[in-house]
Amino acid sequence: MQIRPVRFDHPDAMKLNDLVQLEYAERYGDGDVTPMDPAQFDPPQGLYLVAYDGTEPVASGGWRAQEANGEGYADGDAEIKRMYVVREARGRGLARRILAALEDSAREAGRTRMVLETGIKQPEAIALYTSSGYAPAEKFGLYRCYEDSRCFAKFL
């Protein structure tokens, strides 16, 4: 497995984004409509990674810088977005490897806290984050008012 940085609008990133949106629709009835601009993931204000099994993209994840605003973010936040592993590649530790690389990148960029939002219908994601040192946090972002939403944070 090789993990490479790509732009969020790279064809492989878009392919994985389409798959994660389908999974969100299966679990929640709709995809994630959080506005995201590919430039938000460009270093040094973010990073987007894709893992490859040979030439096939099998996992992704990114972070983008956030600052204090009316959606509950704090200055110095790095928000994790679009963590995803295709079903056939799950159980190999790819999500954990991508998460660690994102944390390292955000720390190097001067970010002080990683934050993420997930939902109660993604117990695998919640287990990954809590086992990686993330703790429940005050809700933020587009889904902060949704009952099924769960937010987590980890100081870098």
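**Exercise 1. Which residue in E7 is the bridge partner of Glu 117?**

Before starting, note that this is a predicted model, in which local features need pLDDT of at least 70, side-chain atom pairs count only at pLDDT 80 or more, and totals for chains, interfaces and linings use all residues. Residues are numbered from 1 along each chain as its sequence is written, and side-chain values use heavy atoms, leaving out hydrogens and water.

*Solution.*
- Find strand E5 (residues 113–119) and strand E7 (residues 149–155), which pair in the antiparallel sense over seven bridges. Strands are DSSP runs of E, at least two residues, and helices are runs of H or I, at least four; two strands pair if DSSP finds at least two bridges between them.
- Then follow Glu 117 across to Cys 151, its bridge partner in E7.

**Exercise 2. Place this pair of strands in the sheet.**

*Solution.*
- Trace the open, mixed sheet of seven strands in the order E1-E2-E3-E4-E5-E7-E6.
- Now look at its edges: strand E1 (2–5) and strand E6 (135–136) each pair on one side only.

**Exercise 3. Describe the largest nonpolar core.**

*Solution.*
- Start from the term: such a core joins buried (under 20% relative accessible area, 1.4 Å probe, protein chains only) Ala, Val, Leu, Ile, Met, Phe, Trp, Tyr and Cys residues through side-chain atoms within 4.5 Å.
- Of its 36 residues, those touching the most other members include Ile 80, Leu 102 and Met 114.
- Next, see which element gives the largest share: E2, with six residues.
- Finally, keep apart a second, separate core of five residues, which includes Tyr 73, Val 115, Phe 140 and the Cys 151 you met above.

Notes
Buried < 20%, exposed > 50% of the residue type's maximum accessible area, 1.4 Å probe, protein only.
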